[in-house]
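Good morning, colleagues. Please look at the sequence and the structure as they appear on the screen, and I shall then take you through them part by part.

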Amino acid sequence: MESGPSTVHLLSRNGLDHDEARGLVLRFLDGGVGSDPYPVLNRIRQAGPVWVRDDLVVLSSRAQCEAALRATDTTPAPTGACPVSADRLRRAADRVFSADAVTDLVPLVRRLVDDRLDSVAARGRLEAVSDLAHPLPMAVLSHLLGLPSSDAQWLHRRAMALSPALDLRPACTGTAGSAEFRQAETELEAYFADAVERRRGAGGHDLLSRLVRVDEGGERITEAEAASLGRFLLGAGYETTAALVSGSVLALLRAPHEIDTVRKDPGHARNVVEETLRLDPPVQVVQRRADADLDLCGTPVPRGTVMVLLLAAAHRDPALAPSPEVFAPDGASPHLAFGAGGHHCLGAPLARLIARTVLVRFAQRVLGPRFALGSPSYRPVTALRGLRALWVDADGFAGRDLPWPATAA
């Protein structure tokens with residue numbers, strides 16, 4: 001197969017030479033694009049595939065990103081980053097995040113959302129990140145994993161230290177992760193190993209207890225595997241869900257008429273969440289490694305190549321829609337925010353449930369919501385687009401006795 005790097009010095013489709021296109025990629029990965037990465041991402045997409053090294057290519061068109069995600073001969077990069085890629089672990093985890101299992105969580109999620117809104121009602125304003133986006137997924141994940149609620153802040157701090165590992169600049173430059181990340185990873189490994197050990201023979205119904213009893217195809221899931229999966233679910237599911245919640249609230253505030261629409265038609269919250277996932281996705285970038293020679297829409301990708309997929313650029317590909325930059329929650333919002341094919345995110349139903357529930361109750365209970373002074377600020381993690389803070393003023397808060405609409409689940 002022809003090696004991809006043999007073409008890197010040709011001009012790209014928009015006239016950029018390879019060095020210019022590579023510079024844009026590194027600028028984006030290094031966080032040098034400020035709070036609005038999309039103009040740079042659009043230029044990278046127009047440039048076509050960008051080979052950063054002989055064994056690392058950046059893909060940003062919708063067709064190529066989807067083809068890479070659906071390819072069967074790929075694995076997560078770096079290797080071992082995703083324990084649920086093992087078939088038997090994924091089958092066990094899939095049952096926990098099945099549609100029926102997530103539906104069973106609706107009463108819990110509704111109660112938690114109302115509790116959080118009650119906690120800020122007297123203040124007359126809320127900060128969407130610390131009041132809603134972070135506490136809610138942590139509480140739900142802790143419930144699923146059987147972790148004490150008193151550990152929430154400790155887990156939050158370690159999970160936040162892990163999130164910079166999602167950034168791909170180290171993978172592109174060969175630099176190592178921070179000492180803070182390594183310490184957080186070590187502490188969480190020990191925490192989950194202890195949590196799994198305490199469940200041995202306990203007969204509980206939380207995810208960790210069930211995993212240590214699972215027999216997949218005649219082979220038991222080990223305690224080390226159960227602990228690794230628990231740590232991965234916290235690291236992969238916590239901040240991404242938090243970013244989706246705060247990003248969806250931001251989308252409503254930027255399009256106030258959508259708040260009225262959600263209030264009148266709670267089912268519309270689904271459309272708002274899906275359009276947020278398309279236009280401003282929490283996970284902006286993912287990595288895959290080619291385990292065989294691939295041809296991705298005409299681009300040869302040799303075996304062993306790391307593929308950096310710029311999902312946030314792919315979602316705004318003009319090949320998808322005539323106005324891909326416009327927020328249009330009309331129910332037709334194709335995106336790759338949760339992966340595709342066999343690499344689809346197993347926690348997607350839960351993340352969607354939490355975000356939709358927040359939007360429905362926000363529209364019902366937060367009266368006259370509007371931006372408080374100051375602009376929304378983002379955390380300095382390029383691959384994960386998460387708000388640092390989002391203050392919302394309100395005329396008041398309706399009580400929690402408002403009935404939940406039947407279409408809100």
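Let me begin with a hairpin: strand 1 and strand 2 form one, with two residues between them. Strands here are DSSP runs of E with at least two residues, helices are runs of H or I with at least four residues, and both are numbered from the N terminus. Strand 1 and strand 2 pair in the antiparallel sense, over three bridges; two strands count as paired if DSSP finds at least two bridges between them. Within this pairing, Trp-51 stands opposite Val-57 in strand 2.

A word on the source. This is a predicted model, in which local features need pLDDT of at least 70 and side-chain atom pairs count only at pLDDT 80 or more, while totals for chains, interfaces and linings use all residues. Residues are numbered from 1 along each chain as its sequence is written, and side-chain values use heavy atoms, with hydrogens and water left out.

Now the protein as a whole. It has 17 helices and 16 strands. Of its 409 residues, 55% count as buried; buried means under 20% relative accessible area, exposed means over 50%, and partly exposed lies in between, with a 1.4 Å probe and protein chains only. The protein exposes about 17,400 Å², of which carbon and sulfur atoms supply 52%; the areas come from the Shrake-Rupley method with a 1.4 Å probe, and for residues only the protein chains shown count as cover. Among contacts between residues at least 6 apart in sequence, 75% join residues at least 24 apart, a contact being heavy atoms within 4.5 Å.

Let us return to the hairpin and its surroundings. To which sheet do strand 1 and strand 2 belong? They are part of an open sheet of five strands, in the order 1-2-10-7-3, with mixed pairing. Its edge strands are strand 1 (50-53) and strand 3 (74-76), each of which pairs on one side only. On average, neighbouring strands of this sheet are turned by 30° against each other, direction ignored.

Strand 2 pairs with strand 10 in the parallel sense, over four bridges, and there Val-58 stands opposite Val-308. Strand 10 (residues 306-310) is also joined to strand 7 (residues 285-290), by five bridges, and these two run antiparallel. In that pairing, Val-308 of strand 10 is the bridge partner of Gln-287. Helix 1 (residues 18-29) packs on the sheet, touching strand 1, strand 2 (56-59), strand 7 and strand 10, and its direction makes about 75° with that of strand 1. Axes are lines fitted to C-alpha atoms, for helices over the stretch in contact, and angles run from 0 to 180 degrees between N-to-C directions.

In a regular strand the side chains alternate between the two faces of the sheet. In strand 2 both faces are covered, with Leu-56 and Val-58 buried on one side and Val-57 and Leu-59 buried on the other.

There is also an open sheet of three strands, in the order 4-15-12, with antiparallel pairing. Strand 4 (125-127) and strand 12 (370-371) are its edge strands, each pairing on one side only. Two bridges join strand 12 to strand 15 (residues 391-393), and Arg-370 stands opposite Asp-393 in strand 15.

I turn next to helix 15. Is this helix mostly covered or mostly uncovered? It is mostly covered, as ten of its twelve residues are buried, among them Val-272, Val-273, Thr-276 and Leu-277. The buried residues pack against helix 2 (38-47), helix 13 (223-254), helix 14 (257-264) and helix 17.

Helix 13 and helix 15 pack at an angle of about 105°, with their axes 9 Å apart. They are therefore roughly perpendicular to each other, a term that covers angles of 65 to 115 degrees. The contact is made by Leu-244, Gly-247, Ser-248, Ala-251 and Leu-252 of helix 13 and by Val-272, Val-273, Thr-276 and Leu-277 of helix 15.

Two loop residues remain. Leu-320 lies in the loop between helix 16 (311-314) and helix 17 (348-365); Leu-320 counts as partly exposed because its relative accessibility is 34%. Leu-320 touches Arg-62, Ala-314 and His-315, not counting residues up to four places away in sequence.

Finally, Cys-297 is in the loop between strand 8 (294-296) and strand 9 (299-301). Cys-297 is exposed, with a relative accessible area of 51%, and its phi is near 55°, a positive value in a residue other than glycine.

Methods
Angles under 35 degrees count as roughly parallel, over 145 as roughly antiparallel, 65 to 115 as roughly perpendicular and the rest as oblique.
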